[in-house]
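Let's take a walk through a protein structure together, one stop at a time. Keep the picture open beside you and look for each spot as we reach it.

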Amino acid sequence: MKAALSRIAAQDDDAIDLAEAALVLAAIDHPASDLAVYREHLHAISAHVRTAAQALDADAAPEELARVLSTTIAEDFRYLGDEDTYNDLDNANLMRVIERRRGLPVVLGILYLCVARAQGWNAAGLNFPGHFLIRLESRDGRRVILDPFHGGRVMETHSLRELLKAVHGNGEELQTAHYQPVSNREVLLRLQNNVKTRRIEQNDMPGALEALGSMQLLDPSNANLWREAG
C-alpha cells in the first residue's frame, strides 16, 4: 500500500483521487482489506446522485445540487458525523467510516467531494479551522458551503460564525482565509493529522510516526513535518 501511496503522491494535485488516496491510507492500517468492496460502494453512491440529479435543470442553483448530494449521502445512505465517539480512530479511516456510516468531518468531506466531483460538479474543501467544510459551486459560479458532519447542511454566515466560536471560543471571528479552498494534498494531510493526533493521545508513538511518514510522503518539501518527525 505504501507503493500505491507513493504513486498517488507523485501525481499533480488536481489528478489525485481523494477517495482512492483515503482508501489507500486506510489500508495501510488494515492491509488485508479488499478495497474493491469500498470502491464499489462509492460508485453506488455516485450513481444514486447521478440519477437524482437528472431532475435538475442545467443551471440549477448550488442549493439544489447540495440538496441532492446531502439527501443521498446523509438520508439514503445514512452517513453522519460521529458525535458519541468522536475521537475513535475508526472515524479517521475511510473503510471503517463506510462500514459504520459514521466519521470525522474530513473523512465525510472526502466522501462528499468524491461523489460531487463524479458528477462533474465543482467542489472543494475549505480552509475552515477545526472543522472540515466543503464548497459546492454551480455552473454559473454561485456557491454554497456544506457541513458534511451534520448531514450536509448548508452553512450561512451566521452558522459559520457560531461553528467557529464553538470550536475556537468566543474571541474568534471569521476571516477571508477561512473561505479559501485547499488542495487535495492539504485535505489528505488534514486527514492524516487526525490519525497522528489520536495515536499520540493513545501513547502509540510508532503509529503516530507511521501517520507522520504518510504525511511526509504526500508533502516531502514540508519542513515542519520533518522537524516533527525528528
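Start with Leu94, which counts as buried because its relative accessibility is 3%, and the cut-off for buried is under 20%. You'll find Leu94 in helix α5, which covers residues 94-100. Keep in mind that this is a predicted model. What does Leu94 touch, if we don't count residues up to four places away in sequence? Its contacts are Ala19, Ala22, Leu23, Ala26 and Val107. For a sense of distance, pick out His48 as well: His48 and Leu94 are 46 residues apart along the chain, and their C-alpha atoms are separated by 19 Å.

Now follow the chain out of helix α5. Arg101 sits in the loop between α5 and β2, the strand at 102-103. Arg101 is partly exposed, with a relative accessible area of 23%. Its backbone deserves a look too. Most residues other than glycine have a negative phi. Arg101, though, has a positive phi, near 60 degrees.

Asn203 is another residue to check for this. Its phi is also positive, near 60 degrees, and Asn203 is not a glycine. Look for Asn203 in the loop between α8 (184-201) and α9 (205-218). Is Asn203 buried or exposed? With a relative accessible area of 60%, Asn203 is exposed, since the cut-off for that label is over 50%.

Let's move on to the sheet. Four strands make up an open sheet, in the order β3-β4-β5-β6, and the pairing is antiparallel. Which strands are at the edges? They are β3 (122-125) and β6, each of which pairs on one side only.

We can cross the sheet strand by strand, beginning at β3. Four bridges join β3 to β4, and the two run antiparallel. One pair to find here is Ala123 and its bridge partner in β4, Leu136. Next, β4 (residues 134-137) is joined to β5 by four bridges, again antiparallel. Here Ile134 stands opposite Leu146 in β5. Stay on Leu146 for a moment, for it also has a bridge partner in β6, namely Val154. That takes us to the last step across, where two bridges join β5 to β6 (residues 153-154), running antiparallel.

While you're looking at these strands, here's a handy rule. In a regular strand the side chains alternate between the two faces of the sheet.

How does the chain get from one strand to the next? Between β4 and β5 there is a hairpin with five residues between the strands, and Gly141 there has a positive phi near 95 degrees. β5 and β6 form a hairpin as well, with five residues between them. In that turn, Gly151 has a positive phi of about 70 degrees.

Strand β5 deserves one more look. Why is β5 described as largely enclosed by the rest of the structure? Because four of the five residues of β5 (residues 143-147) are buried.

The loop between β4 and β5 also holds Ser138. Is Ser138 buried or exposed? Ser138 has a relative accessible area of 4%, so it counts as buried. Leaving aside neighbours within four places in sequence, Ser138 is in contact with Ala60, Ala61, Pro62 and Leu65.

For a contrast, find Ala44 in helix α3 (residues 35-53). Ala44 has 37% relative accessibility, so it counts as partly exposed. Ala44 and Phe77 are 33 residues apart along the chain, with 10.0 Å between their C-alpha atoms.

Finally, zoom out to the whole chain. It has ten helices and six strands. Its radius of gyration is 17 Å, close to the 17 Å that the globule rule gives for 230 residues, so the chain is as compact as a globular protein of that length. The C-alpha atoms fill a box of roughly 50 × 45 × 35 Å, taken along the principal axes. Of the 230 residues, 51% count as buried. Among contacts between residues at least 6 apart in sequence, 58% join residues at least 24 apart. As for the outside, the accessible surface comes to about 11,000 Å², and 47% of that belongs to carbon and sulfur atoms. The chain carries 24 positive and 33 negative side chains, and the centres of these two sets lie 1 Å apart.

Key
Residues are numbered from 1 along each chain as its sequence is written. This is a predicted model: local features need pLDDT of at least 70, side-chain atom pairs count only at pLDDT 80 or more; totals for chains, interfaces and linings use all residues. Side-chain values use heavy atoms; hydrogens and water are left out. Buried means under 20% relative accessible area, exposed over 50%, partly exposed in between (1.4 Å probe, protein chains only). Two strands pair if DSSP finds at least two bridges between them. Contact means heavy atoms within 4.5 Å. The radius of gyration is taken over C-alpha atoms; the globule rule is 2.2 Å times the number of residues to the power 0.38. Accessible areas come from the Shrake-Rupley method with a 1.4 Å probe; for residues, only the protein chains shown count as cover. Lys and Arg count as positive and Asp and Glu as negative; His and the chain ends are not counted. The place of a charge is taken as NZ of Lys, CZ of Arg, CG of Asp or CD of Glu.
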